[in-house]
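Good morning, colleagues. Please look at the sequence and the structure on the screen before I begin.

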Amino acid sequence: MSTQQALDSVFSNLWNDYVAFNPQAKRIYELIFNHEKKADPNVKELINDHVALRTYNVPHIGLEALGQLFTRHGYSKGGEYIFADKKLRAWHFEHPDKTLPKVFISELEIEKLSPLVQETARKAASEIDPSRAKREDFLWSRRPWRASHATYKKLLEESEYAAWMYAFGFRSNHFTISVNGLKSFKGLVDLNTFVKSQGFALNQAGGEVKGTPQQFLEQSSTLAESTKVEFDDGVFEIPACYYEFALRHPMANGQLYQGFVTSSADKIFESTNVKR
Ligand code: NI
């Protein structure tokens, strides 16, 4: 399989898994795609700015391990980001072929959290064979461990991220439409207005648009849709994933900025918050 085929397969599998439990994203994609199609009948698909993945910082499933599944296909490490309050760190990966999405991988620094979070994450990680995590299909393998809603609620008190990871496991946390790639919208505000007019709520944490042209990146996102999750102690409806929109601006050298803005990403993480 060529690199291109391998990556196409990774992203289409991630996308299919993502929309299967987050049908809102599929509806929004189709609405925007149809809007684009009216402006340009030749448009084939919407371009993804980035795909985001989450994990715990246990070595065999940590961000470096997940990153290798992309670097082996030509991706290289871009920026590093620290989210001190949320006890997260993240790297982004990018590919020389700019039509391929960037990959934003974050991991929870469990040693900075309570023994409960540490034990839950280590137990979860121990159920994954290291060789399993070296296969691309690990990225959409969902949750290989048993989970209870009681533990989920306890984790939630401490870290929304820890709870999300525990409930959902390995899958895309969000996809992001590249607003630069759209022809029928005047910009991010115009796109946001369209999405809201179709009945979808946007994450207002830190303002509807995060970031500024001076920071070279403006982002907005929907609020995560609730989905039914089967736990050992019953089926519960909890926030799953969200859809993001990103508009990049050119830097002094004329190139579009390819990195991320920590203060904006910090607020975007809150799109999966339970208490709003
Ligand atoms: Ni994002």
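I shall speak about the metal site, then the cavities, and finally the largest pocket. Please keep in mind that this is a predicted model.

Let me begin with the metal. Which protein atoms are the donors of the nickel ion? They are NE2 of His-50, NE2 of His-174 and an OE atom of Glu-244, at 2.0 to 2.1 Å from the ion. Along the chain, these donors follow the spacing H-x123-H-x69-E. The two histidines link distant parts of the chain: His-50 sits in strand E1, residues 48-56, and His-174 in strand E5, residues 172-178, with the two positions 124 residues apart in numbering. Are these histidines buried or exposed? Both His-50 and His-174 are buried.

I turn now to the enclosed space. How many cavities of 30 Å³ or more are there? The count comes to three. The largest of them has a volume of about 100 Å³. It is lined by 15 residues, and those closest to its centre are Phe-104, His-174, Glu-244, Ala-265 and Ile-268. Two of these names have already come up, since His-174 and Glu-244 are also donors of the nickel ion. Several elements supply at least two lining residues each, namely E1, strand E4 (102-108), E5, strand E9 (242-248) and helix H8 (262-268). Strand E1 gives the largest share, four residues. By class, the lining of this cavity divides into eight nonpolar, five polar and two charged residues.

The second largest cavity has a volume of about 40 Å³. Its lining includes Tyr-152, Leu-156, Trp-164, Phe-168, Ile-238 and Val-274. Helix H5 (149-158), helix H6 (160-168) and strand E8 (234-239) are the elements that give two or more residues to this lining. Helix H6 provides the largest share, with four residues. The lining of the second largest cavity has eight nonpolar residues, one polar and one charged.

Lastly, the open space. The largest pocket holds about 400 Å³. Of the 15 residues that line the pocket, Phe-11, Glu-45, Leu-46, Asn-48 and Pro-101 lie nearest its centre. Which element gives the largest share of this lining? Helix H1, residues 3-20, does so with six residues. The lining of the largest pocket is made up of eight nonpolar, five polar and two charged residues.

That concludes the presentation, and I thank you for your attention.

Terms used. Residues numbered from 1 in each chain as written. Predicted model: local features only at pLDDT ≥ 70, side-chain atom pairs only at ≥ 80, totals over all residues. Heavy atoms only, no water. Donors = N, O, S within 2.8 Å, 3.2 Å for Na, K, Ca; no water. Buried < 20%, exposed > 50% of the residue type's maximum accessible area, 1.4 Å probe, protein only. 1 Å grid on protein atoms, 1.4 Å probe; cavity = no way out; pocket = protein on both sides within 12 Å on 5 of 7 lines; lining within 4 Å. Points joined across faces, edges and corners; volume = space filled by probe spheres on them. Nonpolar A, V, L, I, M, F, W, Y, C, P; charged D, E, K, R; others polar.
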